[in-house]
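Student: Could you pick one part of this structure and take me through it closely? I'd like to see how that part fits in with its surroundings.

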Amino acid sequence: MIKFALPYNGDMDFIDQSLYMYGNYIESYFGNLGIDDFGGGRAQTQNIVKQENELKAILDKLNAAGIDFNYVINNNGLMNEEFTEKYQERYLRFINKLVDLGIRKVTLSNPYLIRYTKQKLPDLKISASVNLKTRSWEELEYLIHLGIDEATLHYDLIKNFAELIRIRSKTDLLLKLIPNDLYISNCPWQKGHTRMQGSHSKHKETKTPYFSYYRNKCVNIRNLRPEEIYSGKWIAPADIPKYMEIGYKNFKLLDRLATTEWIMKSIEIYIEQSRTTHLEEILGTYGSKSNIRAAVSDGPLEQALYPRDQLELIPEISQVENKLWYSADHTDNCTHCTLCRRAADKGLIYPEEKREQYIENNRRWQSRITKLPYIKELNLGEVQRIEYK
Amino acid sequence: MGEMLLPLYLDESFMDSESEGRIYLTRFEQDFQKDCFLFHEARDYAISPEEARSISGRHQLCYAYDMFHFENREFTVEGYQEICKDIESMIDNGFKYILVSNPYIIELLCNEYSKDIRVIVSSQLEINHAHSKIFFDVLNNTRNISYIVVSQNHLHKQEFEEMRRTFGSIGLMVELDRLISDNQIVHEQFNNMIYGYYNDSVKCHLKEYIEENRRYFRKQDLVDQFDENISYKLGEIGVEKELPEKNLKHLLNNELEEIQVIDYDLWQ
C-alpha cells in the first residue's frame with residue numbers, strides 16, 4: 001500500500017482531518033516549530049511558529065495512533081558552528097527536549113550531526129534529508145554507515161530507474177521520494193536555495209529578509225524552456241504504480257507552507273492515481289495555495305518587490321505517456337534528446353505570446369533586484385517573506 | 001588559447017616569471033568574507049590595495065571572493081553595500097577578474113559591473129553538468145563572464161567534452177590539484193567546512209575529515225595531457241609557493257600524473 005509522509009503546516013485541523021480521512025496511508029508527519037536555533041528546509045513566518053505545548057499535543061495524538069512526527073533540522077548551511085562545544089550543547093539540549101516531548105525521529109542534512117546524534121542518542125531514528133542529494137547507492141551506503149535509519153532520495157533519481165532499482169536491490173531501508181515538487185533537472189540553484197531557507201528558518205543575530213530569488217530562477221527557466229517541466233523531477237499521480245512496482249511505496253508530499261485544503265486534495269489525488277490533467281494544481285511549485293499570511297507586495301512591475309502574477313506564468317500541465325522515462329535505459333544526459341520537448345508540445349498549454357511577455361517581465365524585474373533601492377525596500381518594515389500571497 | 005589561474009606570491013622571482021596568459025589570484029585581508037575559514041587561515045597571504053595597484057600594471061589580478069553562503073546577509077542593506085564597496089575597491093585597485101560563487105553576487109556583477117570587472121565563476125557553484133548552463137541562460141547579461149571553474153564531482157572526461165560544446169563562449173577552467181569526490185555528501189561537507197566561518201575547531205575537524213574520507217576522494221581525470229586550449233587553475237590562496245610552482249612545471253612538461261593534490265598540505 002502507498003504510504004505518505006505528510007507536511008505539518010502548523011494547522012492542528014490538518015492533523016485531525018488527514019488522520020480521519022487517510023490514517024491508513026500515513027507513515028509520518030514532518031515539520032518543526034517554525035523557527036528554532038538550527039534551521040530547516042522552509043523559511044517560515046510567524047503564523048507557523050508553534051510553542052512546545054502545541055507540538056506536545058500533536059505528538060500525544062500521533063503517538064497514540066502509532067504515527068511518527070519527524071522533526072526537521074535540515075539546514076545545510078551550518079557554517080562550521082556544528083563543531084563548537086556551545087552549539088553541540090545547545091543542540092543536545094534541544095534534541096533531548098524534543099525526545100521528552102515525544103519525538104522519535106529527526107531529519108538531518110549535516111553528516112557530522114548525523115553521526116553525533118546517533119552517538120549521543122542511539123534510540124532516536126534519523127532520516128536523511130533530501131538536501132543531502134543522495135543520488136546513488138554509494139552515497140546512501142555512506143549515510144547508512146553514519147547512522148541513518150531512513151532516507152529521502154534526491155529528486156534527480158526520480159527519472160533514473162536504473163539507479164532506483166539498483167538501490168532497492170541493495171537495501172530494505174525505508175526510502176522516500178518526493179513526487180509533487182517540480183524540481184529542475186540537475187538544478188544549479190539548489191545549493192543556494194537550500195542554504196537560504198536554512199538560514200532564514202533559524203534564530204540568528206542579524207535580521208535578514210527572505211527573498212524569492214531562487215524560486216524565481218526556477219520559474220523563469222520554465223518560462224524560457226517549457227520542456228524543463230517534463231525533464232524536471234516530479235511524479236504524475238498516474239505514474240505512482242510504476243514506482244511501487246520497483247519497491248518504492250513511500251512518498252513524501254510537500255508542502256509545509258500549503259493550506260490544509262490543498263494538501264488534503266493532493267493526498268486524495270495521489271491515492272486515486274487517476275488525474276491526468278491540470279497537474280499544475282498538485283505541484284508545490286505552481287499550484288500550492290499558501291497558508292502564509294505575510295505581507296506581499298503587489299503593484300506595478302517596476303515597483304513591486306515580487307509581482308508574482310506578472311513573473312510566474314502557470315501552464316496547464318497534462319499527463320504525457322512515456323515509457324522511456326521509466327525504463328532502466330533512461331539516462332541523465334538530455335543533450336541529444338528531444339523527448340521532453342515533444343512532451344511539452346503535447347502536454348502543455350502555455351500561450352506563446354504570454355510566455356514572451358513573462359520572459360520580458362522577468363528581465364525587467366531582474367534588472368531591478370541588484371540595485372540598492374530594491375534592497376532597501378526589501379528590508380523595510382516587517383516583510384520577511386515575499387513569495388506568496 | 002587557455003589561461004592559467006594561479007595564486008599570487010609577493011616574490012620577485014615569481015612575479016618576474018612568464019606572465020602571459022596568467023591570472024593571479026589574491027585578496028585583501030578585510031572584506032565581506034573575512035570570517036571565512038579558508039580566508040582567515042590564509043590571511044597572511046593577503047595583499048594591500050597599494051600592492052595590488054602596483055602589481056596590476058604588469059599582471060592580471062583576480063580577486064578571490066568565492067565564499068558561497070553569507071547567511072542571507074547579502075540581501076541586507078549593510079551586506080549589499082559592503083559587497084558593492086568590496087567590488088568597487090577591487091576595480092579601483094586594478095583587479096581585472098573576480099572569482100565568485102554566490103549566485104546573487106554573480107548577478108550583481110553581471111548587471112551592475114559588467115564593464116568594469118570580468119567574472120570567473122568558482123567551482124563552489126558546482127557547475128558540473130551540461131544542463132547547468134541554464135544558470136547563465138536566465139541572467140540578463142553574461143557578457144563579463146569569462147570562465148567557469150568546473151566542479152568535478154561526478155564530472156568525467158566525456159561529460160566535460162559535452163559541457164565544453166554546450167557552454168560555447170564561456171570558457172571552462174579545470175582545477176588540477178584539488179581533492180574531488182563523486183560522493184556528493186563527502187564533497188559538499190568538505191566544501192562547507194572550507195567555506196564556512198572560522199572557529200578554533202574547524203581545522204582539526206577538517207584534517208580528520210580528509211583522513212577519514214580518503215577513500216572517497218580522487219584526483220581529476222578531465223585532462224590527461226597539457227592542452228593549450230584549456231584554461232587551468234592551480235593552487236589556492238594559503239598554500240606554500242613551492243607546491244603550485246612544482247605542479248605548474250609538471251603541467252607544462254606534460255606530466256599531469258605527477259601533479260600533487262594541495263589539500264593535504266593546505267591545512268598543515
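Tutor: Let's look at helix α5 of chain B, residues 103-112, which lies across the strands β3, β4 (97-100), β5 (118-121) and β6 (145-149) of chain B. Its direction is at about 155° to β4(B). Before going on, a word on the source: this is a predicted model, where local features need pLDDT of at least 70 and side-chain atom pairs count only at pLDDT 80 or more, while totals for chains, interfaces and linings use all residues. Residues are numbered from 1 along each chain as its sequence is written, chains are lettered from A and ligands numbered from 1 in the order in which they are written, and side-chain values use heavy atoms, with hydrogens and water left out.

Now some vocabulary. Helices (H or I, at least four residues) and strands (E, at least two) are DSSP runs, numbered from the N terminus. Axes are lines fitted to C-alpha atoms, for helices over the stretch in contact, and angles run from 0 to 180 degrees between N-to-C directions.

What is underneath the helix? The strands of chain B close into a barrel of eight, in the order β1-β2-β3-β4-β5-β6-β7-β10, with parallel pairing. From one strand to the next, the twist averages 30°. Two strands pair if DSSP finds at least two bridges between them.

Zoom in on β3(B). On one side, β2 (residues 22-26) and β3 (residues 60-65) of chain B pair in the parallel sense over four bridges. B:Ile23 has B:Gln60 as its bridge partner, and B:Tyr24 has B:Leu61. There are also four bridges from β3(B) to β4(B), and these two run parallel; here B:Cys62 is partnered by B:Tyr97. β3(B) is mostly covered, with six of its six residues buried (buried is under 20% relative accessible area, exposed over 50%, partly exposed in between, using a 1.4 Å probe and protein chains only). B:Gln60, B:Cys62 and B:Ala64 point one way, while B:Leu61, B:Tyr63 and B:Tyr65 point the other way.

Back to our helix, which also meets chain A. The axes of α5(B) and helix α15 (residues 352-369) of chain A come within 9 Å and cross at roughly 100°. So α15(A) and α5(B) are roughly perpendicular to each other (under 35 degrees is roughly parallel, over 145 roughly antiparallel, 65 to 115 roughly perpendicular, and the rest oblique). Contact means heavy atoms within 4.5 Å. From α15(A), A:Gln366, A:Ser367 and A:Ile369 meet B:Tyr104, B:Glu107, B:Asn111 and B:Glu112 of α5(B). By class, that contact has two nonpolar, three polar and two charged residues (Ala, Val, Leu, Ile, Met, Phe, Trp, Tyr, Cys and Pro count as nonpolar, Asp, Glu, Lys and Arg as charged, and the others, Gly among them, as polar).

Another helix of chain B meets chain A too: α8 (residues 184-194) of chain B and α5 (residues 137-146) of chain A have axes that come within 8 Å and cross at roughly 65°. That makes α5(A) roughly perpendicular to α8(B). A:Glu139, A:Tyr142 and A:Leu143 make this contact with B:Gln184, B:Ile185 and B:Val186.

Elsewhere on the barrel, helix α7 (residues 157-167) of chain B lies across β6 and β7 (171-175), at about 150° to β7(B).

Finally, zoom out: chain B has 11 helices and 10 strands, and 65% of its 268 residues count as buried.
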